[in-house]
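Here is a small set of exercises to work through with the coordinates open beside you. Try each task before reading its solution.

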Amino acid sequence: MLATATEVFSVVGYRGTSMSEVARACGMSQTGLTHYFPTKDVLLQAVMDRRDEVDAARIQPPGRGRPRGWAFLESLADLVRHSQEQPGIVRLFTTVAGEAVDPEHPANTWLRLHHRAIAEQLRTALAEAAADGRLAGDAPTDSIVRCVVAAMDGLQIQWLSDRDHPDMAEDFAVLVGSLRHRWER
C-alpha cells in the first residue's frame, strides 16, 4: 500500500493526488484505505517516514554500527547510488520537498525535521572526525553540512530533470572527496 501511494504521490504530487486515486491504484475502496490511513496527510506522513527509514537502514544496516567520521559522509555516496536505482523515490522526495517549502503544506514539518536530522548526523560525523584528529580545527562545519545537504537535494533534481546527466553518485563522491581533501588532517 505504501509503495503504491509512494508511486502515485511521486507522479502526481501530494496536492494533485486524491485518496480515491490512491485507493484505486491499491486495488481497494477508499473506505478500505481510510481504515489504515484516515486522511491524505496521515498517508503522506507514513510514506515519507517509510522513505526515511529505508534510507537510514541503508546507511546503518541492522546489526552494524553507523560509519564514523569521514566514513559516514562517504556512506552517503552509497545512499545516492542506491537512490539512482529508484527514480520513483527520488521523484517523490523532490516533488514533496518542492511542495513542502510552503509552511502550510502538511509535509512542511517532515521536510524541516528531515533536513535537521541529516544535518545533525553530518555534524556528529564531523565532530567524530575532529575527535579522531582527522578534521582541521578551522573547518567551517556548518557550511560543510549545508553544502552536503544542498548537494544531495540538488543532484537529485538535476538527475531527474535530465536523465542524460552524469552519475549523481559519482558527483556526490567527488564533493565528499574534495571536502575531505581540503579539511581532513
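**Exercise 1. Place Asp 41 in this predicted model.**
Find the helix that holds Asp 41, classify its burial, and list its contacts beyond the local sequence.

*Solution.*
- Step 1: Asp 41 belongs to helix H4, a helix that covers residues 40-59.
- Step 2: The relative accessibility of Asp 41 is 38%. Partly exposed covers the range between 20% and 50%, so Asp 41 counts as partly exposed.
- Step 3: Setting aside residues up to four places away in sequence, Asp 41 touches Tyr 14 and Pro 106.
- Step 4: For a long-range check, take the C-alpha atoms of Asp 41 and Glu 170: 129 residues apart along the chain, they are separated by 35 Å.

**Exercise 2. Describe the overall fold and its surface.**
How many helices and strands does the protein chain have, and what area does the chain expose?

*Solution.*
- Step 1: The count gives nine helices and zero strands. Along the sequence, the pattern therefore reads α-α-α-α-α-α-α-α-α.
- Step 2: Along the principal axes, the C-alpha atoms fill a box of roughly 60 × 35 × 35 Å.
- Step 3: Of the 185 residues, 43% are buried.
- Step 4: Now look at contacts between residues at least 6 apart in sequence: 68% of them join residues at least 24 apart.
- Step 5: The chain exposes about 9500 Å², with carbon and sulfur atoms supplying 53% of that area.
- Step 6: For charges, count 20 positive and 25 negative side chains. The centres of these two sets lie 3 Å apart.

**Exercise 3. Work out which residues of H1 are buried, and what covers them.**

*Solution.*
- Step 1: Helix H1 spans residues 2-12. Its buried residues are Ala 5, Thr 6, Val 8, Phe 9 and Ser 10.
- Step 2: A reminder helps when you look at the spacing of such a list: an α-helix has 3.6 residues a turn, so residues three or four places apart point the same way.
- Step 3: The cover over the buried residues of H1 includes helix H2 (19-26), helix H4 (40-59) and H6.
- Step 4: Check the backbone just after H1, where Gly 13 has a positive phi of about 90 degrees.

**Exercise 4. Search the whole structure for aromatic pairs and classify the geometry.**

*Solution.*
- Step 1: The search finds one aromatic pair.
- Step 2: It is formed by Phe 93 and Trp 110, with ring centres 5.9 Å apart and planes at 75 degrees. Planes over 60 degrees apart count as edge-to-face, so this pair is edge-to-face.
- Step 3: Phe 93 sits in helix H6 (residues 87-100) and Trp 110 in helix H7 (residues 108-131). The two are 17 residues apart, and their pair links distant parts of the chain.
- Step 4: Buried means under 20% relative accessible area. Phe 93, at 2%, is therefore buried, and so is Trp 110, at 4%.

**Exercise 5. Which rings have the charged end of an arginine over them?**

*Solution.*
- Step 1: Arg 66 lies over the face of Phe 72, 5.1 Å from the ring centre.
- Step 2: The charged end of Arg 182 is placed over the ring of Trp 183, at 3.7 Å from its centre.

**Exercise 6. Compare two neighbours in H8: are Ser 143 and Ile 144 buried or partly exposed?**

*Solution.*
- Step 1: Ser 143 is in helix H8, and so is Ile 144; the helix runs over residues 141-161.
- Step 2: Ser 143 has 33% relative accessibility and so counts as partly exposed, whereas Ile 144, at 4%, counts as buried.
- Step 3: Beyond four places in sequence, Ile 144 touches Leu 126, Ala 139, Leu 179 and Trp 183. Trp 183 is also the residue whose ring lies under the charged end of Arg 182.
- Step 4: From C-alpha to C-alpha, Ile 144 and Phe 72 are 14 Å apart in space and 72 residues apart in sequence. Ser 143 and Val 80, 63 residues apart along the chain, have their C-alpha atoms separated by 20 Å.

**Exercise 7. Find the contacts of Pro 87 and its exposure class.**

*Solution.*
- Step 1: Pro 87 is in helix H6.
- Step 2: With a relative accessible area of 24%, Pro 87 is partly exposed.
- Step 3: Leaving aside neighbours within four places in sequence, Pro 87 contacts Trp 159, Leu 160 and Arg 163.
- Step 4: The C-alpha atoms of Pro 87 and Leu 155 are separated by 13 Å, at 68 residues apart along the chain.

Key
Residues numbered from 1 in each chain as written. Predicted model: local features only at pLDDT ≥ 70, side-chain atom pairs only at ≥ 80, totals over all residues. Heavy atoms only, no water. Helix = DSSP H or I, 4+ residues; strand = E, 2+ residues; numbered from the N terminus. Buried < 20%, exposed > 50% of the residue type's maximum accessible area, 1.4 Å probe, protein only. Contact = heavy atoms within 4.5 Å. Areas by Shrake-Rupley, 256 points an atom, 1.4 Å probe, with all protein chains shown as cover. Lys, Arg positive; Asp, Glu negative; His and termini not counted. Charge placed at Lys NZ, Arg CZ, Asp CG, Glu CD. Phe/Tyr/Trp six-rings, centres within 6.5 Å; stacked < 30°, edge-to-face > 60°. Lys NZ or Arg CZ within 6 Å of the ring centre and 35° of its normal.
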